[in-house]
Amino acid sequence: MKIAKAILRLYFIHICAFLAVGLSTYYPPWDILLAFLYLLVVGIEARKLEPYASGSRRAVILAWQGPGILLFLFIISHTTVCDLSNYAFFVMLFWYTPLMPVLSLLPGIAWRGWPLYYYLLLALPFIMTAYHYFLSNFQYDIGMTHDIPGSCGRKRV
């Protein structure tokens with residue numbers, strides 16, 4: 001049940017960010033700020049997964065990035081039935097709307113006839129998976145946790 005709640009929270013955040021960033025594109029600085037806010041909120045959600053078991057964290061991440069990975073597979077497979085690869089790229093643009101303002105900051109460089117954002121958009125499912133996985137596994141210690149000599153058992157934090 002905890003896994004389902006974590007997945008639903010991530011989808012709720014994603015859909016709200018989709019709407020917020022989509023509407024804020026009419027106000028140039030706000031779309032970029034909201035894209036970075038989206039990354040911050042997703043990072044906070046990833047940190048909340050730290051106490052979960054490793055398999056549970058992976059399940060949450062794969063369920064959250066599943067649509068992006070599925071669209072990526074449609075695109076690279078060059079599916080010709082109903083020309084799904086072109087529609088998959090279009091849908092992938094919508095799925096990653098919260099991050100499109102960040103991609104718009106890239107220079108207009110083309111490689112092999114395709115703009116740079118095209119390749120980064122294809123990599124976003126894996127970039128976001130790695131971002132979420134790293135933050136959910138990242139353990140940090142703010143200070144020394146051993147006893148301070150002569151401190152009567154107090155710990156340094």
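This note goes through a predicted model point by point, from the overall fold to single residues.

1. Ground rules. The model is predicted, so local features need pLDDT of at least 70 and side-chain atom pairs count only at pLDDT 80 or more, while totals for chains, interfaces and linings use all residues. Residues are numbered from 1 along each chain as its sequence is written, and side-chain values use heavy atoms, with hydrogens and water left out.

2. Overall make-up. The protein chain has 6 helices and 2 strands. Both are DSSP runs numbered from the N terminus: helices are H or I with at least four residues, strands are E with at least two. Along the sequence the pattern reads α-α-α-α-α-β-β-α.

3. Burial and contact range. The chain has 157 residues, and 34% of them count as buried. The classes are buried (under 20% relative accessible area), exposed (over 50%) and partly exposed (in between), using a 1.4 Å probe and protein chains only. Take the contacts between residues at least 6 apart in sequence: 67% of these join residues at least 24 apart. Contact means heavy atoms within 4.5 Å.

4. Helix 1 against helix 3. Two packed helices are described by the angle between their axes and the distance between the axes. Here helix 1 (residues 2-24) packs on helix 3 (residues 54-76) at about 35 degrees, and the axes are 10 Å apart. Axes are lines fitted to C-alpha atoms, for helices over the stretch in contact; angles run from 0 to 180 degrees between N-to-C directions. The crossing of helix 1 and helix 3 is right-handed. That term applies if the near helix is turned clockwise from the far one by less than a right angle; anticlockwise would be left-handed.

5. Who makes that contact. Helix 1 supplies Ile3, Ala6, Ile7, Leu10, Tyr11 and His14; helix 3 supplies Ser56, Ala59, Val60, Ala63, Trp64 and Pro67. By type, the residues in this contact are 10 nonpolar, 2 polar and no charged. Nonpolar covers Ala, Val, Leu, Ile, Met, Phe, Trp, Tyr, Cys and Pro; charged covers Asp, Glu, Lys and Arg; the others, Gly among them, are polar.

6. Aromatic pairs. The whole structure holds 6 aromatic pairs. Rings of Phe, Tyr and Trp (its six-membered ring) pair if their centres lie within 6.5 Å; planes under 30 degrees apart are stacked, over 60 edge-to-face, and the rest tilted. Phenylalanine 18 and phenylalanine 94 form a tilted pair, 6.4 Å centre to centre with 50 degrees between the planes. Phenylalanine 18 lies in helix 1 and phenylalanine 94 in helix 4 (residues 84-95), so the pair ties together parts 76 residues apart in sequence. Phenylalanine 18 is partly exposed at 28% relative accessible area. Phenylalanine 94 is also partly exposed, at 42%. Ring pairs link Phe18, Phe90 and Phe94 into a cluster.

7. A charge over a ring. The charged end of lysine 2 sits over the ring of tyrosine 52, 4.8 Å from its centre. The criterion is NZ of Lys or CZ of Arg within 6 Å of the ring centre and within 35 degrees of the ring normal.

8. Two buried residues of helix 1. Alanine 17 lies in helix 1 and is buried, at 11% relative accessible area. Leaving out residues up to four places away in sequence, alanine 17 touches Gly22, Tyr38 and Pro98. Its C-alpha is 6.4 Å from that of tyrosine 38, 21 residues apart along the chain. Serine 24 is in helix 1 too and is buried, at 6%. With the same sequence neighbours set aside, serine 24 touches Trp30, Asp31 and Leu34.

9. Helix 5. Methionine 100 belongs to helix 5 (residues 100-103). Beyond four places in sequence, methionine 100 touches Leu93, Leu121 and Leu124. The C-alpha atoms of methionine 100 and alanine 35 are separated by 7.8 Å, with their positions 65 residues apart along the chain. Valine 102 is also in helix 5 and is partly exposed, at 24% relative accessibility. Outside its neighbours within four places, valine 102 is in contact with Ala35 and Phe36. Valine 102 and leucine 33 are 69 residues apart in sequence and 9.1 Å apart in space, C-alpha to C-alpha.

10. Strand 2. Proline 115 is found in strand 2 (residues 114-115). Proline 115 is partly exposed, at 28% relative accessibility. Not counting residues up to four places away, proline 115 touches Ile109 and Ala110.
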